[in-house]
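Me: Please give a close look at one part of this model. I would like to know how that part is placed among its neighbours, residue by residue where possible.

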Amino acid sequence: MSENVWSHPDAINAGDAHPLAGGSYVEDEYWSRTFPDFIMDEPIHIKEMHVVVTSAKIWGPRWSRKQIVIYCDNDTCCDTITYQKPKDPRLQILLRTLLFFQCKYTFFIKAEKISCSVADFLSRCQDHDRLAVSYTHLRAHETPEHLVWR
């Protein structure tokens, strides 16, 4: 797909993983959860890819026939999405799962290596009452330049 097509994506999904939890948002929706026990001992690139796959599972039906840019701050995760040639067998499984959701819901994704303060917050805050208020505040008062950095 040419770069010109990607100059105006239909949505941007930003996610992040922390050693204990992960979270992601797109438009005005977000998710944030502690990782299950079977992921806790995995390296951070596996956790980052789990966040991307979970987001595709949650929002895939709404992304149908759309171009989605994934903001991720992990090189390995971005390379896996971009080049689709991971050497790590665990990343291969997660990539296949992501590609399954892409085919099932017919959406296109492109990964960009960008950190996002809102996604960082979602992966670190597990107080869900505070999270809802803070997320709304962050999204309402921050300009796009303050939300991401390259």
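Reply: The account below takes strand 1 and its partners, then the segment before it, and ends with two loop residues.

This is a predicted model, in which local features need pLDDT of at least 70 and side-chain atom pairs count only at pLDDT 80 or more, while totals for chains, interfaces and linings use all residues. Residues are numbered from 1 along each chain as its sequence is written, and side-chain values use heavy atoms, with hydrogens and water left out.

Strand 1 covers residues 11–17. Strands here are DSSP runs of E with at least two residues, helices are runs of H or I with at least four, and both are numbered from the N terminus. Six of the seven residues in strand 1 are buried, where buried means under 20% relative accessible area, exposed means over 50%, and partly exposed lies in between (1.4 Å probe, protein chains only).

Strand 1 pairs with strand 2 and with strand 4, where pairing requires that DSSP finds at least two bridges between two strands. Strand 2, residues 21–26, runs antiparallel to strand 1 and is joined to it by five bridges. The link between these two strands is a hairpin of three residues. Within this pairing, G15 has S24 as its bridge partner. Strand 4, residues 67–72, is parallel to strand 1, with four bridges. In that pairing A11 faces I68.

As a general point, side chains in a regular strand alternate between the two faces of the sheet.

P9 belongs to the segment before strand 1. P9 counts as partly exposed because its relative accessibility is 27%. Leaving aside residues up to four places away in sequence, P9 touches Q67 and V69, a contact being heavy atoms within 4.5 Å. Both Q67 and V69 fall in the range of strand 4, residues 67–72. P9 and K110 are 101 residues apart in sequence, yet their C-alpha atoms are 9.4 Å apart in space. K110 falls in the range of strand 5, residues 108–113.

The loop that leads to strand 5 from helix 4 contains T106. T106 is not a glycine, but its phi is positive, near 50 degrees. With a relative accessibility of 40%, T106 is partly exposed. Q84 sits in the loop between helix 3 (75–83) and helix 4 (89–105). Q84 also has a positive phi, about 55 degrees, without being a glycine. Its relative accessible area is 42%, so Q84 is partly exposed.
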